[in-house]
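User: Please take a close look at one part of this model, the patch of positive charge on the surface. Which residues gather there, and how does the rest of the protein look around them?

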Amino acid sequence: MKQFCELVAIDESSYVRKALKENVNMTTDGLNLLFGYYNLNIPRLLKHIKVPTYLAYATFTGVDMEEQENTCKYIKKIQRNDRLPIIYRPVKSGHYAHWSDQSLLADIKGFLN
């Protein structure tokens, strides 16, 4: 667990420990969904958002310089269109950003309310 948390730049917690220990059943439908999501062009997709959207994204600061630069470039490009109903929430993290910031879930809950 320690090695995983260091690799993805997150703090060890009971939430992460539980997620790592519990096996997830993967079905063919789940795998198809995963590949479909993986191949989405998220920056292009976000340009067409019509409903209020909360975008929490990993900054990769201190984790991966190339990903940090790419993410920064894409976010700045998307933010140029100030008509998009998007609230941007940077999370200082790498992958698994939702595990990196204890206040993120509360922020998402506030947005949904």
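Analyst: What follows starts at the patch and then widens to the whole chain. The model is predicted, and every value below is computed from it.

The patch of positive charge on the surface is formed by R44, K47, K73, K77 and R80. One of these, K77, can be placed further: K77 sits in helix α5, which covers residues 65-79. The relative accessible area of K77 is 43%. K77 therefore counts as partly exposed, because that class lies between the limits of 20% for buried and 50% for exposed. A patch member needs over 30% relative accessible area and no salt bridge, and the 43% of K77 fits the first of these conditions.

The charges of the whole protein give the background to the patch. There are 15 positive and 12 negative side chains. The centres of these two sets are 7 Å apart.

As for the fold that carries helix α5, the protein has six helices and two strands. Their order along the sequence is α-α-α-α-β-α-β-α. Of the contacts between residues at least 6 apart in sequence, 63% connect residues at least 24 apart.

The overall dimensions and surface complete the picture. The C-alpha trace spans about 40 × 35 × 35 Å along its principal axes. Of the 113 residues, 22% are buried. The protein exposes about 8,900 Å², and carbon and sulfur atoms supply 54% of that area.

Methods:
Residues numbered from 1 in each chain as written. Predicted model: local features only at pLDDT ≥ 70, side-chain atom pairs only at ≥ 80, totals over all residues. Heavy atoms only, no water. Patch = residues over 30% accessible without salt bridge, like charges linked within 9 Å, V, L, I, M, F, W, Y side chains within 5 Å. Areas by Shrake-Rupley, 256 points an atom, 1.4 Å probe, with all protein chains shown as cover. Salt bridge = Lys/Arg side-chain N within 4 Å of Asp/Glu carboxyl O. Lys, Arg positive; Asp, Glu negative; His and termini not counted. Charge placed at Lys NZ, Arg CZ, Asp CG, Glu CD. Helix = DSSP H or I, 4+ residues; strand = E, 2+ residues; numbered from the N terminus. Buried < 20%, exposed > 50% of the residue type's maximum accessible area, 1.4 Å probe, protein only. Contact = heavy atoms within 4.5 Å.
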